Amino acid sequence: MVNLQENIEIVREKITEAARAAGRDGGDIALELAVKTQTAKTCRAAALALAAAKLPVLLGHNRVQEAEGTIAAIRDAQVGAKVSLIGPLQSNKINPALRCFDEIETVATARLAHKLAERWGDEDDPLSVLIQVNTSEEPTKSGCARSAAVDLAFEIAELAELRLSGFMTIGAHTSNQQKVRESFEKLRQIRDIVADSGRFGTENATALSMGMSGDMDLAIACGSTRVRVGTAVFGARR
């Protein structure tokens, strides 16, 4: 039986150690639990375990369909859980996604951003979004091209119904640590260009969602403010 509380504490310690090695205090690095394929019962238990550890309750789902099957159990935990979509979003899934998620981390096109803004429709309480960037330029990965990321950020920043909260990437799929590091550094560079622009609507675009169970040390060294961890907490997927 997996001990979620214990595993969360172990991961949190690793985050603190990686932050210290990078000259950071770790207090600005959030732990987001990637609950892909987890049952509603496990998702609820994960939310409660984060709350018990006095950590922000952040859960990330890869698929809208899985979120639909677990969101009631997560909300039932009554711990103020924030649930994000960390997998690609298809246009025909926007409506159910908006019913499930508090944030979309994987906006990669202006077309999707405009559709989200139109469907959300609330300028007083804008939907939080992150831009997913394919920093490693691997054809199998989702995300906008690095060359398009800054312009996309500026376009999203002008949509009153959306709040641009930052950027997300998946590290390069390679054993070459330098290439993995470069994929994270490129996202930080994009974030810094946008943050330093002074453009209206970019003032909240500070989050760097990057790093998972196998590469979070490198991501933290490169400035990650949010690591998405699944296996290290829930064990290997069956």
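This is a short talk on how one predicted protein chain is put together.

Okay, some housekeeping. What we have is a predicted model, so local features need pLDDT of at least 70, side-chain atom pairs count only at pLDDT 80 or more, and totals for chains, interfaces and linings use all residues. Residues are numbered from 1 along each chain as its sequence is written, and side-chain values use heavy atoms, with hydrogens and water left out.

Let's start with the whole chain. It has nine helices and eight strands; those are DSSP runs, numbered from the N terminus, with helices being H or I of at least four residues and strands being E of at least two. The radius of gyration is 17 Å, close to the 18 Å that the globule rule gives for 238 residues, so the chain is as compact as a globular protein of that length. That radius is taken over C-alpha atoms, and the rule is 2.2 Å times the number of residues to the power 0.38. Along its principal axes, the C-alpha trace spans about 45 × 40 × 30 Å.

Buried residues make up 51% of the 238. By buried I mean under 20% relative accessible area, with exposed being over 50% and partly exposed in between, using a 1.4 Å probe and protein chains only. As for contacts, meaning heavy atoms within 4.5 Å, take those with a separation of 6 or more: 66% of them come from residues 24 or more positions apart.

Now the strands. I'll walk through them in pairing order, and two strands count as paired if DSSP finds at least two bridges between them. Strand β2, residues 58–61, runs parallel to β3, residues 82–85, and four bridges join them. One of the partnerships there is G60 with S84 in β3. To get from β2 to β3 the chain goes through helix α3, residues 64–76, and that β-α-β crossover is right-handed. Right-handed here means that, with the strands pointing away from the viewer, the path from the first strand over the helix to the second runs clockwise.

Next, β3 pairs in the parallel sense with β4, residues 103–107, over two bridges, and L85 has I104 in β4 as its bridge partner. The link between these strands is helix α4, residues 94–100, in another right-handed β-α-β crossover.

So is β4 enclosed or out in the open? Five of its five residues are buried, so β4 is largely enclosed by the rest of the structure. On to its pairing with β5, which is parallel over three bridges, with E103 partnering S128 in β5. Helix α5, residues 110–120, joins β4 and β5 in a right-handed β-α-β unit.

Then there's β5 with β6, parallel over six bridges. L127 has L162 in β6 as its bridge partner, and the chain crosses through α6 in a right-handed β-α-β crossover. Strand β6 has six of its seven residues buried, so the rest of the structure largely encloses it. Three bridges then join β6 to β7, residues 207–209, again parallel, with G166 opposite A207 in β7. Helix α7, residues 177–195, carries the chain across from β6 to β7, and that β-α-β crossover is right-handed.

What about the core? In soluble globular proteins, nonpolar side chains tend to be buried together. A nonpolar core here is a set of buried Ala, Val, Leu, Ile, Met, Phe, Trp, Tyr and Cys residues joined through side-chain atoms within 4.5 Å. The largest one has 72 residues, of which L31, L33, L116 and F167 touch the most other members. Leaving out residues up to four places away in sequence, F167 touches residues including L130, I131, A153, L187 and A207. There's a second, separate core of five residues, among them A34, I86, L130 and M168.

Last, a few spots in the loops. Most residues other than glycine have a negative phi. Q78, in the loop between α3 and β3, has a positive phi near 55°, and at 69% relative accessibility Q78 counts as exposed. E137 sits in the loop between β5 and α6, with a positive phi of about 55° although it's not a glycine. E137 is exposed too, with a relative accessible area of 53%.

And where is E158? Look in the loop between α6 and β6. E158 counts as exposed at 61% relative accessibility. E158 and T202 are 44 residues apart in sequence, and 9.0 Å apart in space, C-alpha to C-alpha.
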